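Grab a coffee and work through these exercises with the structure open beside you. Try each task before you read the solution.

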Amino acid sequence: MTEFLKKAKECSGVIATLEGKRKSEILQKMADALEKESQAILTANAKDMAAAEENELSSALKDRLLLDEKRIGAMARSLREIAALREPVGRILEGWRNDADLRIEKVSVPIGVIGVIYESRPNVTADVGALCFKSGNVAILKGGKEAEHSNRAIAAILGDVLEAEGLPREIISLLPDSSREGVAQLIKQDRYVDLIVPRGGEALIRYVSENATVPVVKHDKGLCHTYIHEAADQEMAVRIALNAKCDRPGVCNAMETLLVDRAVAREILPKLSVAFEAEGTQLRADEEACGIIEAALAGEEDWDTEYLANILAVKVVGGLEEAIEHIRRHGSGHSEAIVTENYRAAERFLDAVDAACVYVNASTRFTDGGAFGFGAEVGISTNKLHARGPMGIDELTTYKYKIYGRGQIR
């Protein structure tokens with residue numbers, strides 16, 4: 001492990017100074033290679049899917065794991081989008097002269113060596129590798145055991161392109177020891193690793209956060225809410241709520257709790273109930289909502305549960321302030337939404353709700369690097385330092401000060 005990380009640290013000097021145009025050209029070649037070698041990826045993914053069936057993984061996990069020609073095409077498209085983004089390294093963020101007539105520039109630079117720990121989705125291997133590469137960082141990737149064959153195939157293809165371009169394979173590589181012990185070692189190697197980004201289940205996030213000596217940016221759970229305000233367009237509200245829950249229930253930006261204003265509950269809850277019934281959604285509602293629609297009675301634990309399944313908690317609230325307070329107590333700081341035609345209510349919600357992404361009249365499903373125009377994301381950070389929300393290439397840089405003098409002394 002130590003030798004591997006030493007090599008990764010050495011490689012950070014190579015990638016950090018690589019010209020932006022060259023990085024973009026190599027990313028285009030990586031995209032081409034993924035499409036050209038799609039059969040090798042599909043063969044590897046078939047092994048993972050067979051193991052998933054044997055181990056009786058949930059349908060949500062199997063959906064995350066599955067690759068087909070369309071998803072491989074989407075991976076390649078993400079790499080091309082990342083290649084086309086503006087160069088994030090070497091930008092002058094600020095510049096000024098001080099009282100001593102020193103010219104000071106604040107300039108963006110790569111973070112260095114970034115370890116990313118994730119589960120299920122093999123497309124993350126390509127996305128994160130590309131984002132780290134574009135931003136001048138070395139990527140050490142630790143995927144889940146359930147996607148082992150798929151991740152190896154994708155990483156091998158990216159590594160072959162790097163090697164063909166005269167660059168070390170270690171710039172994008174899988175952690176050689178993918179066991180729990182390997183992760184335990186990685187997160188304590190602050191001499192060689194500059195940042196850890198864990199994305200996955202709550203237990204993984206907690207373990208890394210509590211045990212790492214390397215700085216951590218958490219991709220924490222997504223306990224997302226949608227609040228239907230009394231001034232909502234009800235047709236729009238049903239459409240948004242349906243998308244937020246049912247489009248892909250197993251992802252972190254899916255809605256887990258629906259809050260409905262008491263003023264419109266008797267009118268809109270039956271419409272919502274019919275729509276969710278058509279999607280096979282299980283509703284768990286508070287006592288007041290259960291008096292209006294047919295649903296299982298929710299317990300206190302439901303307000304704090306990230307289901308990652310087609311299950312939805314429903315609660316009637318007595319207005320905007322009660323909705324905000326419920327989100328304050330139970331939200332995870334990921335994504336929250338209000339549906340309303342009232343400007344003041346919308347602005348109050350945007351200002352008062354403490355989350356990485358706060359929406360008015362839109363689905364929380366848009367919290368995504370691709371949807372934000374980043375090409376992809378390393379994770380959705382629920383931290384406040386140093387990155388928040390979808391982490392794209394700009395969030396994978398830090399800065400240094402360059403100071404130009406003419407013999408000044410202090």
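Keep in mind throughout that this is a predicted model.

**Exercise 1. Which strands does helix H11 lie across, and at what angle does it run to E8?**

Step 1: Find helix H11, residues 262-278. It lies across strand E7 (224-228), strand E8 (255-261), E9 and strand E11 (311-317).

Step 2: Now check direction. Helix H11 runs at about 140° to E8.

Step 3: Place those strands in their sheet. Seven strands form an open, parallel sheet in the order E10-E9-E11-E8-E7-E12-E13. Its edge strands are E10 (296-297) and E13 (357-360), each pairing on one side only.

**Exercise 2. Look at both edges of that sheet. Which residue is the bridge partner of Arg284 in E10, and which residue in E13 does Ile338 stand opposite?**

Step 1: Start at the E10 edge. Strand E9 (residues 282-285) pairs with E10 in the parallel sense over two bridges, and Arg284 has Ala296 as its bridge partner.

Step 2: Go over to the E13 edge. Strand E12 (residues 335-339) runs parallel to E13, and four bridges join them. Here Ile338 stands opposite Val360.

Step 3: Sort the E13 side chains by face. In a regular strand, side chains alternate between the two faces of the sheet. In E13, Cys357 and Tyr359 make up the covered face, while Val358 and Val360 are on the uncovered one.

**Exercise 3. What is the order of the strands in the four-stranded sheet, and which helix packs on it?**

Step 1: Read off the order: E5-E4-E3-E6, an open sheet with parallel pairing. The edge strands are E5 (172-174) and E6 (195-198). Neighbouring strands are turned by 20° against each other on average, direction ignored.

Step 2: Zoom in on one pair. Strand E3 (residues 113-117) and strand E4 (residues 138-142) pair over five bridges in the parallel sense, with Ile114 opposite Ala139.

Step 3: Add the helix. Helix H1 (residues 2-16) packs on this sheet and touches E3, E4 and E5, its direction making about 140° with that of E4.

**Exercise 4. Of the 29 salt bridges found in the whole structure, take three. Where do the partners lie in each?**

Step 1: Try Glu165 and Arg22, whose side chains meet at 3.6 Å, N to O. Glu165 sits in the loop between helix H7 (148-164) and E5, and Arg22 in helix H2 (residues 20-36), so this bridge ties together parts 143 residues apart in sequence.

Step 2: Compare Arg328 and Glu325, with their closest N and O atoms 2.6 Å apart. Both lie in helix H13 (residues 320-330), three residues apart, or about one turn of the helix. Arg328 counts as exposed because its relative accessibility is 57%, whereas Glu325, at 30%, is partly exposed.

Step 3: Finish with Lys384 and Asp354, which meet at 2.8 Å, N to O. Lys384 is in the loop between strand E14 (380-381) and strand E15 (389-390), and Asp354 in the loop between helix H14 (343-352) and E13; the two are 30 residues apart.

**Exercise 5. Which residues make the nonpolar surface patch, and which strand gives the most to it?**

Step 1: List the members: Leu93, Trp96, Tyr399, Tyr401 and Ile403, making a patch of about 490 Å².

Step 2: Assign them to elements. Strand E1 (92-97) and strand E16 (397-404) each give two or more residues, and E16 gives the most, with three.

Step 3: Check one member. Tyr399 lies in strand E16 and counts as partly exposed because its relative accessibility is 42%.

Technical notes:
Residues numbered from 1 in each chain as written. Predicted model: local features only at pLDDT ≥ 70, side-chain atom pairs only at ≥ 80, totals over all residues. Heavy atoms only, no water. Pairing = 2+ DSSP bridges. Contact = heavy atoms within 4.5 Å. Axes fitted to C-alpha atoms, helices over the stretch in contact; angles between N-to-C directions. Patch = residues over 30% accessible without salt bridge, like charges linked within 9 Å, V, L, I, M, F, W, Y side chains within 5 Å. Areas by Shrake-Rupley, 256 points an atom, 1.4 Å probe, with all protein chains shown as cover. Salt bridge = Lys/Arg side-chain N within 4 Å of Asp/Glu carboxyl O. Buried < 20%, exposed > 50% of the residue type's maximum accessible area, 1.4 Å probe, protein only.
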